[in-house]
Amino acid sequence: MPSPSPSSQTPTPIGAVLILTVLASVGTGVIWNGLPFIAKHEYGYSQTHNLLLYLVVGLTYILGAVNAGRFSRAAGRFMSPRGLLATILIVETVLCMLPLAFDGAWILWVVGVVNAIFSAVLWAKVESFLTAGRFGGSMQRAVGWFNIAWTGAVAASLFFMAPLIEHHASMSIVMLGGLNALALITLAWFGSTPGDH
């Protein structure tokens, strides 16, 4: 089988993809690792309640991941892949601001479930922009840096969350919204579509 010929399209700048990855991956840390601490400290959740919350969020993520392609194709009738990334980041930003206006454990469920669905689609799109136009060693290095970026950001999020959880746990969610808003800036360096792979 012949190897693919490189695309004539210029790849998305790796720096822009990695900055978006770091900023959005803090959300991964907050949702997947921090949510039970927020639920426990802010709303007195027991282990049983936290387990139920995580089962719902986890199953929602699986549904989102399984249907990410279908969702992207449906959204593609109205917007470009870059537009879809922007829409996801904007919706997540707005949702993460809920603790500034409302109080209640329902916020955890809304943010957790919606973030789970949208994250599944977001990462599929980010990985498309990461790899499009890259082949061989260039793609391998890009994927390597991508993995270092997201795992480092998830780990760092746990350290940054600790003082917030100590005093006002739900502010971790608000912080996540602010980082998603910053991630929008990186889309200025993305093409409207990732191009050929």
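1. Helices here are DSSP runs (H or I) of at least four residues, numbered from the N terminus. On that basis Ser 172 lies in helix 8. The model is a predicted one.

2. Ser 172 has a relative accessible area of 0%. Because buried means under 20% relative accessible area, Ser 172 counts as buried. Setting aside neighbours within four places in sequence, the contacts of Ser 172 are Val 30, Ile 38, Met 161, Leu 164 and Ile 165.

3. Ile 38 also appears in the largest nonpolar core, which has 51 residues. Ile 38 is listed there with Leu 20, Leu 122, Val 126 and Phe 190 as the residues with the most contacts inside the core. Two or more core residues come from each of helix 1 (14-43), helix 2 (47-66), helix 3 (68-75), helix 4 (81-96), helix 6 (106-131), helix 7 (136-168) and helix 8 (171-186). Helix 1 supplies the largest share, 12 residues.

4. For Leu 20, contacts beyond neighbours within four places in sequence are Leu 89, Val 126, Ala 183, Thr 186, Leu 187 and Phe 190. Val 126 and Phe 190 are, with Leu 20, among the residues with the most contacts inside the core.

5. The geometry of helix 1 deserves a look. From first C-alpha to last, its 30 residues reach 40 Å, close to the 44 Å expected at 1.5 Å a residue. At Gly 34 helix 1 bends by about 65°, and Pro 36 follows within four residues.

6. Just after helix 1 comes Gly 44, with a positive phi of about 65°.

Methods:
Residues are numbered from 1 along each chain as its sequence is written. This is a predicted model: local features need pLDDT of at least 70, side-chain atom pairs count only at pLDDT 80 or more; totals for chains, interfaces and linings use all residues. Side-chain values use heavy atoms; hydrogens and water are left out. A nonpolar core is a set of buried Ala, Val, Leu, Ile, Met, Phe, Trp, Tyr and Cys residues joined through side-chain atoms within 4.5 Å. Buried means under 20% relative accessible area, exposed over 50%, partly exposed in between (1.4 Å probe, protein chains only). Contact means heavy atoms within 4.5 Å. The expected span of a helix is 1.5 Å times one less than its number of residues. The bend at a residue is the angle between axes fitted to the seven residues ending there and the seven starting there.
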